[in-house]
Amino acid sequence: MVKKTVSIFQKLKNSGEKIAMLTAYDYSTAQILEMTDIDGILVGDSLAQVVLGYENTYSVSMEEMLVFVKAVSRGAKNSFIVGDMPFMSYNTSLEQGLENAGKMIQAGASAVKLEGCNEYILKLVRRCVESGIPVLGHLGFTPQLLNTIGGYKIQGKSADATEKILESAKKLEEAGIFAIVLELMPAQSADYITKNLQIPTIGIGAGAGCSGQIVVIDDILGKFTDFTPKFVKQYANLHGIIYNAAGRYLSEVKEGIFPSEEQSFELDTEEREKLNVVKQN
Ligand code: KIV
């Protein structure tokens, strides 16, 4: 398999083929995603909630993110992996942002994702791109601004608000991002933004008009069940599968059914005789 690069995003958009991205946080899931030939994997800071059990994404650190980026990049060596820059890992200075973006690449990511758009973010995007670090933008609902936004609120709900998001997206495009995540907005707003950009849009809760889609893998697998947003479609029920399997294991251990001979190692007859022990099971 040939390693996927940033160039596939624009190629897919230009050809009209939809881009499919998923998040992943661990080695074995990354291996499975690579086998599916998924267009891109995001090691999202959503792992703060679905893997680490925090209430929101504020609590995950740069150091923690790097552990997960390394695990995913070991499992999906030929995939296009985006490392999500966590809260405060790029906000204190351009130097800090650039250095941490570099750490993501050194950990195995092919690109980084930054939330929002202001003069500072635009400068940082330019610095990253000049340094050879592709950047995925993120507008609409941006979880790292949860406290400012005041909750999980749909963005771009009016023509004016949609135009403002488009204006920001255009500035980010101009600064050099290769694609942009549009989160939680009316389908028509995302469609309008998509039609007015050259770069691809990757929607999450933003309807079918985007150039592609991304979802949190634990949501579509039905593994994370603390809350399920309206835009999630469950393709499996891992919660139920794990619950049933763990329950069966529990009763088999209690009943002495597990482990059986099949899962055990036996002493040779001669050695058994020396210890005066009998064959088990
Ligand atoms: O952290 C994340 O998983 C994300 C995606 C949902 C876009 O930012």
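In this predicted model, a convenient place to enter the fold is Met 21, whose bridge partner in β2 is Gly 40. The pairing to which these residues belong joins strand β1, residues 19–23, to strand β2, residues 40–43, and the two strands run in the parallel sense over three bridges. From this pair the reader can follow the sheet onward, for β1 and β2 open a series of eight strands that continues through β3, β4, β5, β6 and β7 to β8 and forms a closed barrel with parallel pairing. Within this sheet, neighbouring strands are turned against each other by 25 degrees on average, when direction is ignored.

The ligand can be approached next, through the residues that surround it. Those around the ligand are Thr 23, Leu 42, Gly 44, Asp 45, Ser 46, Asp 84, Lys 113, His 138, Val 181, Ile 204 and Val 216. By character, this shell divides into four nonpolar, four polar and three charged residues. Thr 23 and Leu 42, both listed in the shell, fall within the ranges given for β1 and β2, which links the surroundings of the ligand to the strands described above.

Which side chains place a polar atom beside an oxygen atom of the ligand? Ser 46 has a side-chain N or O atom 2.5 Å from a ligand oxygen, while a polar side-chain atom of Asp 45 lies 2.9 Å from an oxygen atom of the ligand, and for Asp 84 the corresponding distance is 3.2 Å. On its own the ligand has 260 Å² of accessible area, and the protein covers 96% of that area.

Two points of the backbone deserve a closer look. Met 88, in the loop between β3 (81–84) and α5 (94–106), has a phi near 65 degrees, a positive value in a residue that is not glycine. Farther along the chain, the peptide bond from Phe 258 to Pro 259 is cis, with omega near 0 degrees, and Pro 259 lies in the loop that connects α11 (238–254) with α12 (269–275).

At the level of the whole chain, the protein is divided into domain 1, residues 7–236, and domain 2, residues 241–280. The C-alpha centres of these two domains lie 46 Å apart.

Conventions: Residues are numbered from 1 along each chain as its sequence is written. This is a predicted model: local features need pLDDT of at least 70, side-chain atom pairs count only at pLDDT 80 or more; totals for chains, interfaces and linings use all residues. Side-chain values use heavy atoms; hydrogens and water are left out. Two strands pair if DSSP finds at least two bridges between them. Helices (H or I, at least four residues) and strands (E, at least two) are DSSP runs, numbered from the N terminus. Axes are lines fitted to C-alpha atoms, for helices over the stretch in contact, and angles run from 0 to 180 degrees between N-to-C directions. Domain bounds come from an automatic or database domain assignment. A residue is near a molecule or strand if one of its heavy atoms lies within 4 Å of it. A polar contact is a pair of N or O atoms within 3.5 Å; within protein, one must be able to donate a hydrogen and the other to accept it, and residues adjacent in sequence count only if both atoms are side-chain atoms. Accessible areas come from the Shrake-Rupley method with a 1.4 Å probe; for residues, only the protein chains shown count as cover. Ala, Val, Leu, Ile, Met, Phe, Trp, Tyr, Cys and Pro count as nonpolar, Asp, Glu, Lys and Arg as charged, and the others, Gly among them, as polar.
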